[in-house]
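Grab a viewer and a pencil. Below is a short set of exercises, each with a solution worked through in steps.

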Amino acid sequence: MTALVEAPATPEPPAARPPARRRGRSTVLTVSLLAALLLLSLLSAGIGAYEIPLGDVLASVQHRTGLGGHALDRTAESVLWNIRLPRVVLAVLVGASLGCAGALMQGVFGNPLAEPGVIGISAGAAVGAVGAIALGLTFLGNWTVTVCAFVAGLATVLLVYAMSRSGGRTEVVTLILTGIAVNAFAGALIGLFLFFADNAQITQITFWQLGSLAQATWPKVLAVLPCALLGLAVAPFHSRRLDLLALGERPARHLGVDVERLRIALVLVVALLTAAAVAVAGIITFVGLLVPHLLRMANGPGHRFLVPGSALGGAVVLAAGDLAARTVAAPAELPLGVLTALLGSPFFFWLLRRTRRRQGGWA
Amino acid sequence: MTSMGSARWKALLPGRRTRALPSPAARGELVAEAVGLRVALGGQAVLDGVGIGVRAGEVLALVGPNGAGKSTLLAALAADLAPGAGEVRIGGRPAGGWTAGELALRRAVLPQAAALTFPFPVAEVVRMGRAPWAGTEREDEDEAAVALAMAATEVEAFAGRPFSALSGGERARVALARVLAQRTGLLLLDEPTAALDLRHQELVLRVCRERAAAGDAVVVVLHDLGLAAAHADRVAVLHGGRIEAAGAPSEVLDAEVLSRVYRQPVEVFPHPRTGVPLVVPVRSGPHRDPASPHLHDPDNSASLTGP
């Protein structure tokens with residue numbers, strides 16, 4: 001290596017500068033996303049048919065956490081703690097799960113279009129959840145629907161993964177076509193369950209399928225909390241290896257990544273996160289696609305920021321989405337899944353056009 | 001990206017497997033070898049009974065016609081393939097006896113085509129070559145290794161540009177910079193000059209020479225026999241999954257052998273100034289003169305084609 005010093009010596013390594021600037025930008029983005037999330041959560045907790053002023057929300061939260069403040073009157077206290085806050089927490093959990101799952105999937109599949117909704121993982125998890133509701137399963141109590149969604153989601157990820165890969169990479173066309181097939185099959189299974197369900201179950205399933213957080217309760221939060229937290233906690237530890245995987249499987253292995261183990265671990269994490277989101281909120285598409293793409297444009301593709309950043313961004317998007325769904329057509333409520341699809345589909349379309357213009361499309 | 005401070009913190013984390021760092025090989029020591037190697041892909045034997053050793057401090061060029069098994073041999077030496085028979089040893093141990101992380105400290109591989117799924121900037125791509133050393137004491141070399149590798153391959157000018165915005169030749173040099181930054185004792189380069197212009201072809205081979213002079217072993221797949229003759233210590237000619245000839249360029253680059261192996265008559269003659277063998281296909285010359293002996297003299301071409 002000493003001989004290499006003969007090459008024109010640079011006083012300051014040029015390599016050191018861009019990452020430093022990028023790290024600064026990561027910090028700014030993280031702080032602003034956190035601030036936005038906090039603000040949206042407080043607004044969400046206060047706004048609704050029964051208005052609770054921001055000061056009162058803060059006071060009540062302080063009171064309950066033993067940091068001073070004061071209790072509100074009984075109605076306000078009940079609305080805030082039994083209706084609004086579980087819903088806010090659920091929106092944050094579901095959004096974080098979807099955003100993070102999207103970023104992970106795109107990394108594992110080496111494909112910017114991979115998203116639980118687009119390639120059918122959400123639909124697969126939905127089959128498990130609908131099946132649990134329609135057959136009236138309760139063998140695991142509160143967690144039944146989540147566990148069924150997880151098992152079905154995991155089976156779907158593995159199926160899509162096995163079917164769409166050849167020669168160590170996933171072609172976009174194969175992946176999307178696999179997604180179409182999986183979505184169609186899952187739709188048929190859900191239809192079958194609906195066919196055999198009674199009227200009450202059909203209503204429950206239909207509302208759930210549209211994607212909604214309307215029935216948020218603390219038990220529901222508890223039902224998905226373990227899945228979501230486990231997935232969100234494990235995901236960032238794989239960021240560095242995901243970066244290397246962008247070079248391709250062989251080069252990643254040459255750099256010391258145990259590719260098989262990484263893939264299996266991440267597929268499990270994706271299934272966990274998707275199941276957590278689908279079990280409580282039905283199918284909410286495009287969050288996992290939109291958030292990582294925006295963050296990549298803002299701060300580059302490095303997964304050390306992208307994975308936790310997408311979780312944070314997903315939480316912000318769903319918190320905002322749910323607030324909008326509740327308030328735009330008040331007193332009626334738009335299904336959240338419908339709202340995200342309404343906004344997400346044009347974005348997807350724009351993404352296709354942009355990629356096509358820049359690099360001649362995804363071959 | 002990881003500062004020295006965080007390296008120390010990482011070393012304190014529980015469960016972080018400590019890997020044995022490789023000790024530098026003495027000049028001439030066997031770094032990697034293939035013994036009786038047989039590899040079949042899709043039911044067809046691509047390598048059959050190949051034996052070759054790579055020593056510290058030498059540049060070994062693998063040459064041969066398309067489909068001769070050069071890339072397969074390189075992949076086998078990189079421990080990418082499980083041989084059907086025979087053995088690959090790296091650092092004195094069977095290749096299968098190392099974990100992926102341990103191998104990454106011992107050999108770096110430049111693939112034939114450099115691809116990237118996401119548009120990482122060039123500097124970060126080169127820095128990926130330092131990933132195997134994360135959490136070891138040699139992590140402190142990161143900055144220097146990246147800067148030197150980028151200088152050696154002349155990619156500093158586009159350090160901040162996304163990899164996807166580069167031309168084919170620029171990408172190839174960035175990929176090489178990543179491999180150099182890995183600072184392993186064994187370098188396996190699959191056609192590093194394929195996409196490069198004249199200047200950068202020479203530059204890459206000079207870098208190979210410098211690495212060998214510093215005590216590393218370099219194996220490089222080449223198509224240009226002139227480059228192999230000028231820069232390699234040893235040349236191995238592969239043909240139909242076997243090693244047809246191996247040795248110093250002046251011994252191995254023989255008109256008869258090359259004409260037969262490539263099924264193309266070639267002439268080999270020493271460079272008038274340096275004496276390095278020049279390999280040139282037999283051509284009819286620039287003047288399309290009907291009197292030219294090469295065009296119409298069947299005896300001439302027959303004698304070159306050999307038995």
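The exercises go from a helix pair to the core, then to domains and single residues.

**Before you start**

This is a predicted model, in which local features need pLDDT of at least 70 and side-chain atom pairs count only at pLDDT 80 or more, while totals for chains, interfaces and linings use all residues. Residues are numbered from 1 along each chain as its sequence is written, with chains lettered from A and ligands numbered from 1 in the order in which they are written.

**Exercise 1. Describe how helices α4 and α5 of chain A pack.**

Step 1: decide what to report. Two packed helices are described by the angle between their axes and the distance between the axes.

Step 2: find the helices. Helices here are DSSP runs (H or I, at least four residues), as are strands (E, at least two), numbered from the N terminus. That puts α4(A) at residues 121-134 and α5(A) at residues 144-164.

Step 3: get the geometry. The two axes come within 7 Å and cross at roughly 145°; they are lines fitted to C-alpha atoms over the stretch in contact, with angles from 0 to 180 degrees between N-to-C directions. The crossing of α4(A) and α5(A) is right-handed (near helix turned clockwise from the far one by less than a right angle; anticlockwise would be left-handed).

Step 4: list who touches whom. Contact means C-beta atoms, placed from the backbone, within 7 Å. From α4(A) the contact includes I121(A), G124(A), G128(A) and A132(A), and from α5(A) it includes V145(A), A149(A), A152(A) and V160(A).

Step 5: sort the residues by type. The contact of α4(A) with α5(A) has 14 nonpolar residues, six polar and no charged. Nonpolar covers Ala, Val, Leu, Ile, Met, Phe, Trp, Tyr, Cys and Pro; charged covers Asp, Glu, Lys and Arg; the others, Gly among them, are polar.

**Exercise 2. Which residues have the most contacts inside the largest nonpolar core?**

Step 1: fix the terms. A residue is buried if 20 or more other C-beta atoms lie within 10 Å of its own, exposed if 12 or fewer, and partly exposed in between. A nonpolar core joins buried Ala, Val, Leu, Ile, Met, Phe, Trp, Tyr and Cys residues through C-beta atoms within 7 Å.

Step 2: read off the core. The largest one has 199 residues, and L104(A), V270(A) and V219(B) have the most contacts inside it. Helix α3 of chain A, residues 74-109, gives the most to this core: 17 residues.

Step 3: zoom in on V270(A). Leaving out residues up to four places away in sequence, V270(A) touches A101(A), L104(A), M105(A), P116(A), I121(A) and V157(A).

**Exercise 3. Work out how the two domains of chain B meet.**

Step 1: take stock of the chain. Chain B has twelve helices and twelve strands, and buried residues make up 46% of its 307 residues.

Step 2: set the bounds. An automatic or database domain assignment is the source of these: domain 1 is 4-12 + 29-253 and domain 2 is 254-307.

Step 3: count across the boundary. In chain B, 14 residues of domain 1 are in contact with ten residues of domain 2. On the domain 1 side, α8 (225-231), β9 (234-239), β10 (242-247) and α9 (249-252) each supply at least two residues, and α8(B) has the largest share, with four. That side divides into nine nonpolar residues, four polar and one charged.

**Exercise 4. Where are F286(A) and A79(B) found, and what is the sign of phi in F286(A) and A79(B)?**

Step 1: recall the background. Most residues other than glycine have a negative phi, and most peptide bonds are trans.

Step 2: take F286(A). Its place is the loop between α11 (259-281) and α12 (287-299) of chain A, and its phi is positive, near 75°. F286(A) counts as buried because 23 other C-beta atoms lie within 10 Å.

Step 3: take A79(B). The loop between α2 (70-77) and β4 (85-90) of chain B holds A79(B), whose phi is positive, near 65°. With 25 other C-beta atoms within 10 Å, A79(B) is buried.

Step 4: look at the helix before A79(B). Seven of the eight residues of α2(B) are buried, K70(B) and L77(B) among them.

**Exercise 5. Is L176(B) buried or exposed?**

Step 1: locate L176(B) in helix α6 of chain B, residues 168-181.

Step 2: count neighbours. L176(B) has 29 C-beta neighbours inside 10 Å, so L176(B) is buried.

Step 3: name the partners. Beyond four places in sequence, L176(B) touches L110(B), T153(B), P192(B) and V204(B).

Definitions and conventions. Two residues are in contact if their C-beta atoms, placed from the backbone, lie within 7 Å.
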